[in-house]
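Here's a short set of exercises to work through with the viewer open. Try each task before reading the solution under it.

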Amino acid sequence: MRVQHWYSALSQGLLNYLSRGQLLVLSACVSLGLVLLGNSALSQPNPLETVIEAVGETAPTNAAVYHFKVGDFKAMVVSDGTLSFPPSFFVPKADPNAVTAVLTEHFLSTEEVFAHVNALYVETDEHSVLVDTGSGDAFGPTAGHLLENLAAAGVAATDIDTVILTHAHPDHIGGILDAEGQLRLPNAQFYISQTEAAFWTADTVELPKSLLDEETKAGLMATAKGNLMAIRDRTTLFTMGDEVIPHIQAIDSAGHTPGQASYLITSAEESLLATGDVFFSDPLNLENPDWEVAFDGDPAQGVIARRQLLEIVTAERRLLLVPHMPFPGLGHVRPQADAYGWEPIVWQFTV
Ligand SMILES: [Zn+2]
């Protein structure tokens, strides 16, 4: 399996974002050249052949949607694909030996942390809702497949009337615009927290506590601002605790980003908490919630937010959808020693 590093893909995604006039295939060739040749794209002999091969490689063989219900509401988890990064990049301040030990104990790669990218589709009694938009072209070919997987499940992009954003990182808002800068979800009204929108669209955006390198930070900022500005005329801002639309309430999950929201969806005595990026990877973040995560804009606050959410959802025995847990990312958190463990739902074949 070929591996695309999250951070190099983001830099390339920024390049793509800044050059929307180019044909998609050309930018994809450049991305793939970087992936395959370790930043020596110019020596790639036949990039188009590589694109075709890579697209074939990344087309899902297994199900990329999971149907379920929240009370009376039909729902689907829809995969956008996968991202990966070295453990030392993900939790850079953690003891490498301890990280390797946890991964080994769980039969996981010690070289790469694989993160799924799961988005949620819900049909309420009034709206066809997408929570987050996937990566779009922000990363390489392993991600950005949300809308094609949604279409394969019978929901067209034009069917979506409501998009609720957890936060403005590229794997959550990168799907707003296509390579030409057009809206991929042309009939949608967008919702994001006032704090989140204000932070990323400010004249000056700074991430002084971030553990990321400057190039990656610049990519985050450009993608957030570009996408949020493009939808500002069709965006409704809310404050934490608000009912964003009927049956869906915003829950403060700041730390990863300043205005990140999770969403509590309630119908007929049932509920689901669609989290933002509060914890990422089972078992690293659950067994070691105090390990600071590079993707958290304020890693110390990220730890606090993670601890708070984990304590609450464990006590409430709350069903969660978690964006980067293994697909479909639905499950519960349970206490485990002085930390936490993950119990995925049992796959249901009929809904
Ligand atoms: Zn994310």
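**Exercise 1. Strand pairing**

In which sense do E2 and strand E3 (residues 113–123) pair, and over how many bridges? Then work out how E1 fits in.

Solution. Keep in mind that you're looking at a predicted model.
- Start with E2 and E3: they pair in the antiparallel sense, over 11 bridges.
- For a spot check on the register, take Ser79, whose bridge partner in E3 is Asn118.
- Now go to strand E1 (residues 65–70), which runs antiparallel to E2 and is joined to it by 6 bridges. Here Lys69 sits opposite Lys74 in E2.
- Finally, look at the turn. The hairpin of E1 and E2 has 2 residues between the strands, and Gly71 takes a positive phi near 60° there.

**Exercise 2. Burial and the core**

How many of the 13 residues of strand E2 (residues 73–85) are buried? Follow that up by finding the residues with the most contacts inside the largest nonpolar core.

Solution.
- Counting along E2 gives 11 buried residues out of 13, so the strand is mostly covered.
- For the whole chain, 46% of the 351 residues are buried.
- The largest nonpolar core has 83 residues, and Leu120 and Tyr121 have the most contacts inside it.
- Pick Leu120 and skip its neighbours within four places in sequence: you're left with contacts to Ala75, Val77, Val131, Ala274 and Leu321.
- As for contacts across the chain with a separation of 6 or more, 68% of them link residues 24 or more positions apart.

**Exercise 3. A helix pair and one asparagine**

At what angle do helix H8 (residues 194–201) and H9 pack? Afterwards, decide whether Asn227 is buried or exposed.

Solution.
- The angle between H8 and H9 is about 115°, and their axes are 9 Å apart. The crossing is left-handed.
- On the H8 side, the contact is made by Ala197, Trp200 and Thr201; H9 brings Met221, Ala224, Lys225, Leu228 and Met229.
- Sort those residues by type and you get 6 nonpolar, 1 polar and 1 charged.
- Asn227 also belongs to helix H9 (residues 214–230). Asn227 has 27 other C-beta atoms within 10 Å, so it's buried.
- Leaving out residues up to four places away in sequence, Asn227 touches Ile173, Ile176 and Leu177.
- Check a C-alpha to C-alpha distance too: Asn227 and Leu183 are 9.4 Å apart in space and 44 residues apart in sequence.

**Exercise 4. Backbone oddities**

Which residue does a cis peptide bond join to Pro283? While you're at it, look at Pro328, Asp132 and Ala268.

Solution.
- The partner is Asp282, and omega is about 10°. Pro283 lies in the loop between strand E11 (270–274) and helix H10 (284–287).
- The bond from Phe327 to Pro328 is cis as well, with omega near 5°. You'll find Pro328 in the loop between strand E12 (320–321) and strand E13 (330–336).
- Asp132 isn't a glycine, yet has a positive phi of about 75°. Look for Asp132 between strand E4 (128–131) and helix H6 (146–152), in the loop.
- Ala268, not a glycine either, has a positive phi of about 45°, and is in the loop between strand E10 (261–267) and E11.
- Now compare surroundings. Asp132 counts as buried because it has 28 C-beta neighbours inside 10 Å, whereas Ala268 counts as exposed because it has 11.

Technical notes:
Residues are numbered from 1 along each chain as its sequence is written. This is a predicted model: local features need pLDDT of at least 70, side-chain atom pairs count only at pLDDT 80 or more; totals for chains, interfaces and linings use all residues. A residue is buried if 20 or more other C-beta atoms lie within 10 Å of its own, exposed if 12 or fewer, and partly exposed in between; C-beta atoms are placed from the backbone. Two residues are in contact if their C-beta atoms, placed from the backbone, lie within 7 Å. Helices (H or I, at least four residues) and strands (E, at least two) are DSSP runs, numbered from the N terminus. A nonpolar core is a set of buried Ala, Val, Leu, Ile, Met, Phe, Trp, Tyr and Cys residues joined through C-beta atoms within 7 Å. Two strands pair if DSSP finds at least two bridges between them. Axes are lines fitted to C-alpha atoms, for helices over the stretch in contact, and angles run from 0 to 180 degrees between N-to-C directions. A crossing is left-handed if the near helix is turned anticlockwise from the far one by less than a right angle, and right-handed if clockwise. Ala, Val, Leu, Ile, Met, Phe, Trp, Tyr, Cys and Pro count as nonpolar, Asp, Glu, Lys and Arg as charged, and the others, Gly among them, as polar.
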